[in-house]
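Grab a pencil and work through a few exercises on the structure shown below. Try each task yourself before you read its solution.

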Amino acid sequence: MITDLYSLYQDVILDHNRRPRNFRALEGFSQHADGYNPLCGDKVTIYLQMKDGRINDISFQGSGCAISTASASLLTETLKGKTRAEAEALFESFHDLLTGKDSGNSSELGGLGKLEVFSGVSEFPARVKCATLAWHTLRSALDKKSEVVSTE
Ligand code: ZN
C-alpha cells in the first residue's frame, strides 16, 4: 500500500511538472520576487496580486527540476484566496513535512492537502531546497523585497 501511495504522489508531481498550473506572468500583479537555488540550478519568479489582505491571484515562471516546478505549481493552486497568515502557516507545516519533523499536530498536517505529495522528499535532504524555493520566494514577494532569494 505504501508503494501505491508513493507512486500516486509521484504521478501528481510529474503531472504538475509536465503541465504546471498558473505558469505565466501575471497581468496587473502588485508584487513579485525572484528565487534561485544554486545547488540544483532552479529558478523561479512568483507574481502576486493582493486584494483586501488576500492573495487574489498568483502565478509563476521559471525553470528547474521536476520537484521545484511541481512545488511552485502546487503552491499557486493552494494559495489562491489565502491570507498572508494562512500562507505562512502552510509554509511552516510544509517545511515540517519536508524535514520529517512531527509537528505534533496531525490535523494541521492534514490541512496541507495536495502538498502532502512531497512527503517523500524528506528522504532526500538535498531536494528539500528544490521543494521550498517557491515558498521562500513567495515570502519575499509578500514582503516586497527586491533582491533575489537564494536558498544558500
Ligand atoms: Zn531542484
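Below are five exercises on this predicted model, each with a worked solution.

**Exercise 1: the metal site**

Task: find which residues coordinate the zinc ion, and work out how the donors are spaced along the chain.

Solution. Start with the ligands: Cys40, Cys65 and Cys130 each give an SG atom, and Asp42 is listed twice through OD, with distances of 2.2 to 2.7 Å. Next, read the donors along the chain, and the spacing comes out as C-x1-D-x22-C-x64-C. Now take the pair of cysteine 40 and cysteine 130, which links distant parts of the chain, 90 residues apart. Cysteine 40 is in the loop between strand S1 (31–37) and strand S2 (42–51), while cysteine 130 belongs to helix H5 (residues 128–142). Last, check exposure. Cysteine 40 has a relative accessible area of 36%, so it is partly exposed. Cysteine 130 has just 1%, so it counts as buried.

**Exercise 2: H3 against H5**

Task: decide how helix H3 (residues 84–98) is oriented relative to H5, and say which residues meet.

Solution. First get the geometry: the two helices pack at about 165 degrees, and their axes are 11 Å apart. Angles over 145 degrees count as roughly antiparallel, so H3 is roughly antiparallel to H5. The handedness of this crossing is left-handed. Then list the contact residues. From H3 come Arg84, Ala87, Glu88, Leu90, Phe91, Phe94, His95 and Leu98. They meet Val128, Ala131, Thr132, Trp135, His136, Leu138, Arg139 and Leu142 of H5. Sorted by class, the contact of H3 with H5 holds 10 nonpolar, 3 polar and 3 charged residues.

**Exercise 3: zooming in on one threonine**

Task: is threonine 132 buried or exposed, and which residues does threonine 132 touch?

Solution. Place it first: threonine 132 sits in helix H5. Its relative accessibility is 3%, under the 20% limit, so threonine 132 counts as buried. Leaving out residues up to four places away in sequence, threonine 132 touches Phe91, His95 and Leu98. Those three also turn up on the H3 side of the contact with H5.

**Exercise 4: H2 against H5**

Task: repeat the helix analysis for helix H2 (residues 66–79) and H5.

Solution. Here the packing angle is about 45 degrees, and the axes are 7 Å apart. That angle makes H2 and H5 oblique to each other. H2 passes H5 in a right-handed crossing. H2 brings Ile67, Ser68, Ser71, Ala72, Leu75 and Leu79 to the contact, and H5 brings Cys130, Ala131, Ala134, Trp135 and Leu138. By class, the residues in this contact of H2 with H5 are 9 nonpolar, 2 polar and no charged. Cys130 links back to the metal site, since its SG is among the donors of the zinc ion. Ala131, Trp135 and Leu138 appear in the contact of H5 with H3 as well.

**Exercise 5: two positive phi angles**

Task: asparagine 22 and lysine 144 have positive phi values; locate each residue and say whether each is buried or exposed.

Solution. Take asparagine 22 first: its phi is near 55 degrees, and it isn't a glycine. You'll find asparagine 22 in the loop between helix H1 (2–18) and S1. With a relative accessibility of 18%, asparagine 22 counts as buried. Now lysine 144, another non-glycine residue, with phi of about 55 degrees. Lysine 144 is in the loop between H5 and strand S4 (149–150). At a relative accessible area of 56%, lysine 144 is exposed.

Technical notes. Residues are numbered from 1 along each chain as its sequence is written. This is a predicted model: local features need pLDDT of at least 70, side-chain atom pairs count only at pLDDT 80 or more; totals for chains, interfaces and linings use all residues. Side-chain values use heavy atoms; hydrogens and water are left out. Donors are N, O and S atoms within 2.8 Å of the metal (3.2 Å for Na, K and Ca); water is not among the atoms, so sites may look incomplete. Helices (H or I, at least four residues) and strands (E, at least two) are DSSP runs, numbered from the N terminus. Buried means under 20% relative accessible area, exposed over 50%, partly exposed in between (1.4 Å probe, protein chains only). Axes are lines fitted to C-alpha atoms, for helices over the stretch in contact, and angles run from 0 to 180 degrees between N-to-C directions. Angles under 35 degrees count as roughly parallel, over 145 as roughly antiparallel, 65 to 115 as roughly perpendicular and the rest as oblique. A crossing is left-handed if the near helix is turned anticlockwise from the far one by less than a right angle, and right-handed if clockwise. Contact means heavy atoms within 4.5 Å. Ala, Val, Leu, Ile, Met, Phe, Trp, Tyr, Cys and Pro count as nonpolar, Asp, Glu, Lys and Arg as charged, and the others, Gly among them, as polar.
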